[in-house]
Amino acid sequence: MAKATANGIEIEYDEFGAKDAPAVLMIMGLGAQLVRWPMALVDALVARGYRVIRYDNRDVGLSTKCDSAGTPNFALMAVSHILRRPIRAPYTLTDMAADAAGLLDALGIERAHVVGASMGGMIAQLFAAHWPERTLSLTSIMSTTGNPALPGASLQAMSILLRRPRDNDLEAIVAHGVKAAKVVGGSFPEDDRLMAERYRDEIVRNHHPSGFVRQMAAILADGDRRTRLKTIAAPTVVIHGADDPLVPAEGGRDTAAAIPGARLVEIPGMGHTLPPEVIPTVVAAFESVARPRLARAA
């Protein structure tokens, strides 16, 4: 892994594949580190001739932390969101999209296929809207538009998302991560031991709960993106789990409806994770906009 100075901050990233191959910039979701992107997905893209770049968003992983901005009051944010009052966030999702553009600058990459999951999908949408000349294609995974009329997360999914164990109890944090994955993960079973190992590795790499709250503030403050999404010109595919309890499938449908010409791929049994079973479908959907002629021929 390596660090780059981008948009005034330090961003931790890793990359795979040939330097001269078409770039795929992968943007992860709320509180999630770059290692949350499955290596099976990375390997599949590299095998198809892409240069894959994963990175830690600001306030997570090994990238710059924004602790000097303070930690927003989560309860007050939630009330303001329900009442549709303005929310003051330490930074915006557009700032985070500018981080992505800055990382491409630092790596000398002019244009990229942009792939985002959950909050990362929101950031990827804004990248495509604000930097159209740098967006080869957009893949928005298990994300949404910010439309206030859409259904929200299930009570169980929201409860597990907001419940945080003590910061100094590694095993409690790992157990919570496994439980959360089961709640939001859809119908594909995953081995508890392997999940625990993965979450333990992530927590040892970095654990920064206040960054999670600031990222949540950025999401809530961003509001309804549909007007901005209508300006996106890049070839776009929207991928969503039919059984997602955290960001219901209506969010994916609304995203596809808002972006001109976007294609919607709903995956039965998929929740708010990327299990091995869905990787071939995700890769095929990505290639349908990244290399449409080849995808049609296949």
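This is a chat between a student and a tutor about a predicted model.

Student: OK, let's start with the sheet. What order do the strands come in?

Tutor: The order is E1-E2-E4-E3-E5-E6-E7-E8, in an open sheet of 8 strands with mixed pairing.

Student: Which ones are the edge strands?

Tutor: Strand E1 (2-6) and strand E8 (263-267), each of which pairs on one side only. From one strand to the next, the twist averages 25°.

Student: You said mixed pairing. What are the two ways strands can pair?

Tutor: Strands of a sheet pair through backbone hydrogen bonds, and they do that either parallel or antiparallel. Take E4 here: E2 and E4 run antiparallel, joined by 4 bridges, while E3 and E4 run parallel, joined by 5 bridges.

Student: Which residues of E4 should I look at for those?

Tutor: On the E2 side, isoleucine 53 in E4 has glutamate 15 standing opposite. On the E3 side, arginine 54 in E4 has methionine 26 opposite.

Student: Is E4 enclosed or exposed?

Tutor: E4 is largely enclosed by the rest of the structure, because 5 of its 5 residues are buried. Both faces are covered, with Arg51, Ile53 and Tyr55 buried on one side and Val52 and Arg54 buried on the other.

Student: Which helix lies across E4?

Tutor: Helix H1 (residues 39-47) does, and H1 also lies across strand E2 (9-16) and strand E3 (23-27). H1 runs at about 150° to E4.

Student: And further along, how do E6 and E7 pair?

Tutor: Strand E6 (residues 135-141) and strand E7 (residues 236-241) pair in the parallel sense, over 4 bridges. If you want a pair to click on, isoleucine 141 has isoleucine 239 in E7 as its bridge partner.

Student: New topic: the core. Where do nonpolar side chains tend to go?

Tutor: In soluble globular proteins, they tend to be buried together. In this model the largest nonpolar core has 59 residues, and Leu25, Leu93 and Leu103 touch the most other members.

Student: What does leucine 103 touch?

Tutor: Skipping residues up to four places away in sequence, leucine 103 touches Ala4, Ala6, Ile11, Tyr13, Leu25, Ile53 and Tyr55. Apart from that core lies another one, of 29 residues, including Met26, Val42, Tyr50 and Ala285.

Student: Now helices. How do H5 and H6 pack?

Tutor: Helix H5 (residues 155-162) and helix H6 (residues 170-184) pack at an angle of about 160°, with their axes 10 Å apart. They are therefore roughly antiparallel to each other, and H5 passes H6 in a left-handed crossing.

Student: Which residues make the contact?

Tutor: From H5 there's Gln156, Ala157 and Ile160, and from H6 there's His176, Lys179, Ala180, Val183 and Val184.

Student: And what about H6 with H7?

Tutor: The axes of H6 and helix H7 (residues 192-205) come within 9 Å and cross at roughly 125°. That makes H6 oblique to H7. The crossing of H6 past H7 is right-handed. Among the residues that meet are Ile173, Val174 and Gly177 in H6, and Met195, Tyr199 and Ile203 in H7.

Student: Switching again: where is glutamine 215, and is it buried or exposed?

Tutor: Glutamine 215 is in helix H8 (residues 209-222), and it is buried, with a relative accessible area of 0%. Leaving aside neighbours within four places in sequence, its contacts include Gly29, Asp59, Tyr91 and Met119.

Student: Asp59 is in that list. What is its phi like?

Tutor: Aspartate 59 has a positive phi of about 75°, although it is not a glycine. Aspartate 59 is in the loop between E4 and helix H2 (74-82), and is buried, with a relative accessible area of 1%.

Student: And what's serine 118's phi?

Tutor: Also positive, about 60°, and serine 118 is not a glycine. Serine 118 is in the loop between strand E5 (112-117) and helix H4 (119-130), and it counts as buried because its relative accessible area of 13% is under 20%.

Student: Last one: what does glycine 252 touch?

Tutor: Not counting residues up to four places away in sequence, glycine 252 touches Ser143, Val238, His240 and Leu264. Glycine 252 is in helix H10 (residues 249-258) and is buried, with a relative accessible area of 0%.

Key: Residues are numbered from 1 along each chain as its sequence is written. This is a predicted model: local features need pLDDT of at least 70, side-chain atom pairs count only at pLDDT 80 or more; totals for chains, interfaces and linings use all residues. Side-chain values use heavy atoms; hydrogens and water are left out. A nonpolar core is a set of buried Ala, Val, Leu, Ile, Met, Phe, Trp, Tyr and Cys residues joined through side-chain atoms within 4.5 Å. Buried means under 20% relative accessible area, exposed over 50%, partly exposed in between (1.4 Å probe, protein chains only). Contact means heavy atoms within 4.5 Å. Two strands pair if DSSP finds at least two bridges between them. Helices (H or I, at least four residues) and strands (E, at least two) are DSSP runs, numbered from the N terminus. Axes are lines fitted to C-alpha atoms, for helices over the stretch in contact, and angles run from 0 to 180 degrees between N-to-C directions. Angles under 35 degrees count as roughly parallel, over 145 as roughly antiparallel, 65 to 115 as roughly perpendicular and the rest as oblique. A crossing is left-handed if the near helix is turned anticlockwise from the far one by less than a right angle, and right-handed if clockwise.
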